[in-house]
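Me: I am new to this structure and would like a close look at one part of it. Please start with that part and then place it in its surroundings.
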Amino acid sequence: MPDRHRASAKPTTTTLPSATGPVALLVGTRKGAFIVRGDRSRRTWKLSAPMFLGHIAHHLVLDPRDGRTLLMAASTGHLGPTVFRSTDFGKTWKEAQTPPAFPKVPEGQKGLVVDHVFWLAPGHAGEPNVWYAGTSPQGLFRSEDGGVTWESVKGFNEHPLRQEWTGGEQDGTPDGPKMHSILIDPRNAKHLYIGMSSGGVFESTDRGATWVPLNKGCLALFRPDPYPEYGHDPHCVRLHPLKPDRLYQQNHCGIYRMERAEGKWVRIGDNMPKQIGDIGFPIVLHPRDPDTVWVFPMDGTEVWPRVSPEGKPAAYVTHNAGKSWTRQDKGFPKSQAWWTVKRQAMTADAHKPVGLYFGTTAGEIWGSRTEGQQWGCLVRHVPEIYSLEAVELSR
Amino acid sequence: MKVLIPSALRSYTGQNNEVEADGATLADVLSDLDRRYSGIRFRIITEQDTIRPHIRIFINEDQASNLTAPLRPGDQIHIICALSGG
């Protein structure tokens, strides 16, 4: 792999410089993984050959600490789940020696079984080789050797209230209940957040040994008590690296922001246009402006079609932390475009202006070099897109 | 004894569709198989030692329902992946 194709590390600091190198998109699909390489101007894009064709690539993530290690959460329709690892940006791969797996229970008891690894998160910048994985059903796993071996995080997986927090299988999403949005406070490696569908948002201040629910103010319309302590359905939760005490989430029941000191979610989706609503899967943060956030609304009415409202795709952006939202649909089809964008399938690069990218379940990748003011289709005809991550390549 | 490998697992066996593994029970054979072809067992057996839902394992002509089945010299193990999907 030539050096120019190796991604550069992005340190987590209080001053995040704009990226200037070419961008690559890491694409996880229902039928394999791809890398899409852009040029320096982000005008032309080249799709790689498929990697692990036929495997379900739930999440493909670069280690920002070394800029070259990729981890991929994979399964197939019939085989058990695993994690593949590349130390040369996808040129060669090796399977994890011990993939995430729940502890074996004594004979006669029903133990948990990992159906698939859903979410991969590199650990704190000061803990090289630490990774976290979230699974379906909801489980948290940690690796301290770059993803080669994985250990169960007992503080969550064996917590006596885990079953109560997460509910039963019927409480999860149709393709399995999930742990996602594993967030690490850039100031403190012990400070973690997780999101669960279902379960809600939880916080740990001791590297996962203990957990507390963090759902005050967040609606759960599908519960008898619409404001329970836990049991919510966050679709995607984000923490701003420059303002780590600010959290945003796109929830099953709206768009929210939390100032951690206040400890209460505020429904900023109430400020979205009423005819659009504030339901969706992804939420994306501006890398340098904690007040700027993008969402991609979907139809959450009646039986939840989960497609662009009225067949008219649009992103919405706020520049004031959710007080007001602006529609961004230039370049999208004006009608009859019934797109679904999954929770891991929208992302931003760190350029100035920021590049935005999302993948649809119909196998298209759309992007904007202008922070959403103008959109264009970058890639067509790939399989159903599950995840998309933007990374900067070295110059 | 002889173990027949489905196409989905042949990336572990160097594309061989037929390999050798030893053991007195199905569990032993699968452990031996994993020693020879690291990672293959977890793709077909869960962490709770159950056969995964879309996998079938036959000992000669008989389907195994768990890993305790005893084996005799000369038995043939046949691992089969479901063909369903889309």
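In which loop of chain A is Ser198(A) found?

Reply: Ser198(A) is in the loop of chain A that runs between β13 (192–197) and β14 (200–204). Strands here are DSSP runs of E with at least two residues, helices are runs of H or I with at least four, and both are numbered from the N terminus. The model is predicted, so local features need pLDDT of at least 70 and side-chain atom pairs count only at pLDDT 80 or more, while totals for chains, interfaces and linings use all residues. Residues are numbered from 1 along each chain as its sequence is written, and chains are lettered from A and ligands numbered from 1 in the order in which they are written.

The peptide bond between Ser197(A) and Ser198(A) is cis, with omega at about 0 degrees. The two strands beside this loop belong to an open sheet of four strands in chain A, ordered β12-β13-β14-β15, with antiparallel pairing. Two strands pair if DSSP finds at least two bridges between them. At the edges of the sheet are β12 (178–184) and β15 (212–213) of chain A, each of which pairs on one side only. β12(A) and β13(A) run antiparallel and are joined by five bridges. Within this pair, Gly195(A) of β13(A) has His180(A) opposite it. In general, strands of a sheet pair through backbone hydrogen bonds, either parallel or antiparallel.

A second cis peptide bond leads from Ser136(A) to Pro137(A), where omega is near -5 degrees. Pro137(A) also sits in a loop of chain A, the one between β9 (131–136) and β10 (139–143).

Other loops of chain A have their own details. Trp304(A) is not a glycine, yet it has a positive phi of about 60 degrees. Its loop runs between β21 (293–297) and β22 (315–318) of chain A. Trp304(A) has 11 other C-beta atoms within 10 Å and is therefore exposed. The term exposed covers 12 or fewer other C-beta atoms within 10 Å of a residue's own, buried means 20 or more, and partly exposed lies in between, with C-beta atoms placed from the backbone. Gln336(A), also not a glycine, has a positive phi of about 55 degrees. The loop that holds Gln336(A) lies between β23 (326–328) and β24 (346–348) of chain A. Because Gln336(A) has 9 C-beta neighbours inside 10 Å, it counts as exposed.

After β24 comes the loop with Pro353(A), which ends at β25 (356–359) of chain A. Pro353(A) is partly exposed, with 15 other C-beta atoms within 10 Å. Apart from neighbours within four places in sequence, Pro353(A) is in contact (C-beta atoms, placed from the backbone, within 7 Å) with Arg369(A), Thr370(A) and Glu371(A). His286(A) is 67 residues from Pro353(A) in sequence, and their C-alpha atoms are 9.9 Å apart.

Strand β16 (residues 234–240) of chain A is mostly covered, with six of its seven residues buried. It pairs over six bridges, in the antiparallel sense, with strand β17 (residues 243–251) of chain A. The two form a hairpin with two residues between them. The bridge partner of His240(A) is Lys243(A) in β17(A).

For chain A as a whole, the secondary structure comes to two helices and 28 strands. Its radius of gyration (taken over C-alpha atoms) is 19 Å, close to the 21 Å that the globule rule (2.2 Å times the number of residues to the power 0.38) gives for 395 residues, so chain A is as compact as a globular protein of that length. The C-alpha trace of chain A spans about 60 × 50 × 40 Å along its principal axes. Of the 395 residues in chain A, 52% are buried.

In chain B, helix α1 (residues 26–36) has Leu26(B), Val29(B), Leu30(B) and Leu33(B) as buried residues. Seen down the axis of α1(B), the buried residues fall within an arc of 95 degrees (taken from the directions from the helix axis to the C-beta atoms), so they line one face of the helix. Their cover includes β1 (2–4), α2 (40–44), β3 (55–59) and β5 (76–81) of chain B.

Key: Two residues are in contact if their C-beta atoms, placed from the backbone, lie within 7 Å.
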